[in-house]
Amino acid sequence: MLDGYTQSILIFTGINIIAAYSFYAPFKTGQVSLGQAGFMAVGAYASAILTQKFGLPFPVALAIGGVVAGIVGVVVGFPALRIKGVYLLLLTLGFSEIVQVIVLSWEYVGGAQGFRYISFNPHTLTYTAIIIVALILFFARIERSSLGRAMDSIHQDEVAAEVMGVDVVRIKLLAFGIGAMIAGLAGGLYAHHATFMDSTTFNIMLAVEILTFVVVGGGSTYWGPALGATVLTLLPEFLRTLREWLELLPVAWTNFFPVNRVYDFLHAFLDFENAKRLIVYGIILIVMMIVRPDGLLTRDSLRRLPFTRWKPGHA
Amino acid sequence: MLEQTANGVCLAIEGLTKRFGGFYALNDVNVEVASGHIHALIGPNGAGKTTFFNLITGVLSADAGRILFEGRLVDDARPSNRTVKGIARTFQNIRLFPHLTVLETVMIGEHCRSYPSVWKALGKAVLQRPFGEAQEERTMRANALELLEFLGLAGQRDAKASDLAYGDQRKLEMARALATKPRLLLLDEPAAGMNPHETQELDEVITRIRDRGVTIVLVEHDMRLVMDISDRVTVLNFGTKIADGNPKEIQNNPTVIEAYLGEDVQL
């Protein structure tokens, strides 16, 4: 019913939304991770090994891939408990690099040639949609719960939360593990859609992109990651169609103000449809930090919407 | 000020020592706090009072000595476990959660009582009904409101914690600590930054908390407050205990007057 192009765009948007939620889970307890690409790789390779080498059906392999990534997440989460800020970034970054090197040197999964001929899953879009709905329901419930409040308190003052009896260690580990598991699911979906991956597929740039999704969308509400991932994934597509729309402008207007030539100049310079779109991400990040450091969607902006009145805190 | 010497011992500190490098923040300190007392801990700046609190709550670990709470050794590495056992505190430099509302802040204190394990918290969160709220939430909210009422903050329950006036932030810290249902409450300079009227009010608040059955250890510089409400006073100077007694004895103790307040000062 949807043409291949639209379907492919939707699938990548969906996988990016899932990846953004994988960043959001640990971020809710104040942990900023650059390791989500690494966890995606763990889930992707684990599920692809299961379908290709062991002949397991895709849904089973996807679920196991997520669990494996989650377990790895808890293992990485232990040393991550004691450190914060820049040091946590470096630790998770180091983890991603380790995963890349292992994948590169492991002949069983193709080594430097990459993991080829992964079975194609024709229903990726459906799976993606189901997982996104489940994630939004999950995080909505966390938001409305005592656990969610405890996570917020850890984010805002970890020592105070700990002294007030909040089990900071277990909650942070739980959040990190859940985040890794979600990343693993995103990786499994990606692998069985792209049917090929190598050590550079889940690289540091992907981790930075995932972080950008949440920073742009807003990390203080559970709608933020979905919004950020959608906006940033669709932005290049939007800009592409924008060029076609510019063609429709009357010539008199474009002679007076040559928007189409401004567009072409920017396009040649930034190449935002392709690899160099990270330049645009960088600019967006800088602008966001200045204009709206809490992201597009914040708790306050959600409170202003009438249909969110039933949110907690108002008995 | 009741002389309740017949009471049991709530907190017993034996030989507590903490070094920072070669500097003794606390050196072989012994203190006994009777149940139901308001026990003040005074001393000049740098005497080790806040370190004392940090050791009892587990924010720092001691180099030597034992902490006995209600006769049992407290040796949990993590502060949250000690809070679960019934020891709560406030902070000298206010540490509220800036983006939570007043009501939510107090409910954080109750989290460890309603949800003793992370799995229960996760299960209740995931399996909750989409509208309405769980029994636990209702109980927590009711208890939190009762505490806010008790401390006179009920009118500001939906304000952000960071938007409260300074004195109210101190009270909110007390409400949050009380929400953990402690049997021992450590108050770290509750009157700091308060005006005389607010301090007067604090007298009454602390006494009422004690009357709820909570033993209180109080670090405070406001001597009027300390002498008015304390059942017993311990004086620290440079990490060592120099005196221990009821307010009257402390006021007339020459060592205290000399070391802490300078000579020729009438307390």
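The exercises below work through a predicted model with chains A and B.

Residues are numbered from 1 along each chain as its sequence is written, and chains are lettered from A, with ligands numbered from 1, in the order in which they are written. Because the model is predicted, local features need pLDDT of at least 70 and side-chain atom pairs count only at pLDDT 80 or more, while totals for chains, interfaces and linings use all residues.

**Exercise 1. Describe the fold of chain A and judge how compact chain A is.**

Step 1. Take the secondary structure from DSSP runs, numbered from the N terminus: helices are H or I with at least four residues, strands are E with at least two. Chain A has 14 helices and zero strands.

Step 2. Compare the radius of gyration, taken over C-alpha atoms, with the globule rule, 2.2 Å times the number of residues to the power 0.38. Chain A has a radius of gyration of 21 Å, close to the 20 Å given by the rule for 315 residues, so chain A is as compact as a globular protein of that length. Along the principal axes, its C-alpha atoms fill a box of roughly 70 × 55 × 40 Å.

Step 3. Count burial. A residue is buried if 20 or more other C-beta atoms lie within 10 Å of its own, exposed if 12 or fewer, and partly exposed in between, with C-beta atoms placed from the backbone. Of the 315 residues in chain A, 46% are buried.

Step 4. Look at contacts, meaning pairs whose C-beta atoms, placed from the backbone, lie within 7 Å. Of the contacts in chain A between residues at least 6 apart in sequence, 78% join residues at least 24 apart.

**Exercise 2. Check the length and surroundings of helix 2 (residues 36-53) of chain A.**

Step 1. The expected span of a helix is 1.5 Å times one less than its number of residues. For the 18 residues of helix 2 of chain A this gives 26 Å, and the end C-alpha atoms are 25 Å apart, which agrees.

Step 2. In helix 2 of chain A, 16 of the 18 residues are buried, so the helix is largely enclosed by the rest of the structure.

Step 3. A:Gly55, just after helix 2 of chain A, takes a positive phi of about 65°.

**Exercise 3. Is A:Thr233 buried or exposed, and which residues does A:Thr233 contact?**

Step 1. Locate the residue: A:Thr233 is in helix 10 (residues 224-246) of chain A.

Step 2. A:Thr233 has 21 C-beta neighbours inside 10 Å and therefore counts as buried.

Step 3. Leaving aside neighbours within four places in sequence, the contacts of A:Thr233 are A:Phe12, A:Thr13 and A:Asn16. By contrast, A:Ile178 is 55 residues from A:Thr233 in sequence and 24 Å from A:Thr233 in space, C-alpha to C-alpha.

**Exercise 4. Trace the partners of strand 9 (residues 232-237) of chain B.**

Step 1. Two strands pair if DSSP finds at least two bridges between them. Strand 9 of chain B runs parallel to strand 3 (residues 38-42) of chain B, with four bridges; here B:Ile42 stands opposite B:Val235.

Step 2. Strand 9 of chain B also runs antiparallel to strand 10 (residues 240-245) of chain B, with five bridges. B:Asn237 stands opposite B:Thr240. This hairpin has two residues between the strands, and B:Phe238 takes a positive phi near 45° there.

Step 3. Five of the six residues of strand 9 of chain B are buried, so the strand is largely enclosed by the rest of the structure.

**Exercise 5. Lay out the open sheet in chain B and place B:Asp28.**

Step 1. Four strands of chain B form the sheet, in the order 2-1-4-5, with antiparallel pairing. Its edge strands are strand 2 and strand 5 (72-73) of chain B, each pairing on one side only.

Step 2. Eight bridges join strand 1 (residues 9-20) of chain B to strand 2 of chain B, and B:Leu11 stands opposite B:Val33 in strand 2 of chain B.

Step 3. B:Asp28 lies in strand 2 (residues 23-34) of chain B. B:Asp28 has a positive phi of about 50° although it is not a glycine, and is partly exposed, with 14 other C-beta atoms within 10 Å.

**Exercise 6. How many residues does each chain give to the contact, and which helix of chain A gives the largest share of its side?**

Step 1. Chain A gives 31 residues and chain B gives 39 residues.

Step 2. On the side of chain A that touches chain B, the elements giving two or more residues are helix 5 (124-143), helix 6 (146-156), helix 7 (158-163) and helix 8 (168-194) of chain A. The largest share, eight residues, comes from helix 6 of chain A.

Note on methods: Contact = placed C-beta atoms within 7 Å.
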